[in-house]
Amino acid sequence: MRETGIAVVGGGPAGLCAAITASRLGAQVCLIDDNDRLGGQLIKQTHKFFGDKSHYCGTRGIDIASILFQELESTSTRVIPGTSVVGLYPGHVLGLADRSRFSKLACKSLIVATGAAENNLLFPGNDLPGVYGAGAVQTLMNVHGVRPGRRVLMVGSGNIGLIVSYQLVQAEIQVAAVVEALPNISGYHVHAAKLARLGVPILTSHTIKTALGHESVTGAVICKVDKNFGPVPRTERQLKLDTICLAVGLTPLAEILWQAGCQMAYVPELGGHVAWHDEKMQTNQKGIYVAGDVSGIEEASTAMLEGRVAGAHAFEQLRGSNTQSRRIIEQARTELRAIRQGPFSRRVVCGKNKLVEMAGK
Ligand SMILES: Cc1cc2nc3c(=O)[nH]c(=O)nc-3n(C[C@H](O)[C@H](O)[C@H](O)COP(=O)(O)OP(=O)(O)OC[C@H]3O[C@@H](n4cnc5c(N)ncnc54)[C@H](O)[C@@H]3O)c2cc1C
């Protein structure tokens, strides 16, 4: 059985920043990710990030992954790629599985930064080949250079639905429509405007009713929905297409935290079940920290800052605090507060406040 001071599970922006921070402070760190390439969601994001200059605004996600990877390489972090953490034994012992073997890794502190999984939607035919999650479509196109289809229906007009629709058009794939059950577009209007200029219809108060086809998707029936999201009779429309792309939200990947016996809470504003955590990003299980989407669905900039907070606190728990660790924590917290003042963060702030209210209960 191998041993380390701090084990970080997940090599997305949150896990990378946690590992870089803890390692630079002087901790012995091991980072495990189930992909061969580190970066999490970032490696499929070819668009330039929005937000603040100090958080890589104007830089493509894929380039942010390279910057963080180079920073990680300049530390002594031990990286275990292509390996899934499949279990947690008592005493902070992780079960690791790669393609050929199972092994164990004991750690003193654990940072869980496993990100999120895409949500599915219930409708007849949702299991036909040709129905994808938006992340899968992005992986096919932007990581492997494979077109998912020729004509697509996008379900969901959040930032992910809008950005992936735009990337589909850039790859010369027709987007028949974006349907959105809410009466308004839920992502940034700057992305919606780009699509509208390209002639892609964004149909609000609409949803998919059925996927058509036997062997694979050949079309879809869409319809209007009322304010309770029920289908409005006689508004069905049939579209001919070969791909249906679902961008209907993400759910934190919290299995390890359930297994660790962490106090879990269902917080819709954070995307589902999350582990209760304090401002150190520590769960109610001493020495187990969370960072990024697993602690509440948000964005890469906040995932990186939460990673820094978790990495520095995990270091302090093992080795005590020093001026450098204090400075990192203060700066990351200040930046987190500033980012979360924006109108798009209201939901997350409300969710995180619910966790604060639960403290001590
Ligand atoms: C289309 C799209 C566009 C976006 N655009 C922006 C944007 O412009 N600006 C922005 O700030 N954010 C954006 N985001 C959001 C951002 O990508 C995420 O919030 C961010 O990647 C979350 O980081 P994370 O480290 O928590 O998780 P992830 O990036 O999901 O990384 C988690 C990693 O953990 C690995 N993992 C999970 N479970 C295990 C396990 N058991 N064992 C080993 N490894 C495991 C995963 O494979 C993954 O590599 C976008 C997201 C999408 C999908």
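**View 1. Ala265 and Val274 face each other across a strand pair.** In this predicted model, Ala265 stands opposite Val274, a residue of strand S18. The two strands here are S17, residues 264-267, and S18, residues 272-275; 4 bridges join them, and the pairing is antiparallel. Follow the chain from one to the other and you trace a hairpin, with 4 residues between S17 and S18. What is the sign of phi at Gly271 in the turn? Phi is positive there, at about 100°.

**View 2. An antiparallel sheet holds S12, S13 and S14.** These 3 strands form an open sheet in the order S12-S13-S14. Strand S12 (206-212) and strand S14 (237-240) are at the edges with a single partner strand each, so one side of each has no neighbour in the sheet. From one strand to the next, the twist averages 30°. For a closer look, pick the pair of S13 (residues 219-224) and S14, which run antiparallel and are joined by 4 bridges. Ala220 is a handy landmark here, as it stands opposite Leu239 in S14.

**View 3. A parallel sheet is built from 5 strands.** Reading across this open sheet, the order is S8-S15-S9-S10-S11. Which strands are at the edges? They are strand S8 (131-133) and strand S11 (202-204), and each of them pairs on one side only. Neighbouring strands are turned against each other by 20° on average, with direction ignored. S8 pairs with strand S15 (residues 243-246) over 3 bridges in the parallel sense. Within that pair, Val131 is found opposite Ile244 of S15. As a general reminder, strands of a sheet pair through backbone hydrogen bonds, in either a parallel or an antiparallel way.

**View 4. Polar atoms of Pro13, Ala14 and Gln45 approach ligand oxygens.** Let's start with the backbone: an N or O atom of Pro13 lies 3.3 Å from an oxygen atom of the ligand. A polar backbone atom of Ala14 is 3.0 Å from an oxygen atom of the ligand. Gln45 takes part through its side chain, where an N or O atom is 2.9 Å from a ligand oxygen atom. How much of the ligand's accessible area does the protein cover? The cover is 92% of the 1,000 Å² that the ligand has on its own.

**View 5. A shell of 31 residues surrounds the ligand.** The closest residues are Asp33, Asp34, Gln45, Val85 and Asp293. If you sort the shell by class, you get 11 nonpolar, 15 polar and 5 charged residues. Both domains take part: domain 1 (2-117 + 250-358) and domain 2 (120-246) each supply at least three residues. Which element gives the most to the shell? That is H7, with 3 residues.

Note on methods:
Residues numbered from 1 in each chain as written. Predicted model: local features only at pLDDT ≥ 70, side-chain atom pairs only at ≥ 80, totals over all residues. Heavy atoms only, no water. Near = heavy atom within 4 Å. Polar contact = N/O pair within 3.5 Å; in protein donor to acceptor, adjacent residues only side chain to side chain. Areas by Shrake-Rupley, 256 points an atom, 1.4 Å probe, with all protein chains shown as cover. Nonpolar A, V, L, I, M, F, W, Y, C, P; charged D, E, K, R; others polar. Domains from an automatic or database assignment. Pairing = 2+ DSSP bridges. Axes fitted to C-alpha atoms, helices over the stretch in contact; angles between N-to-C directions.
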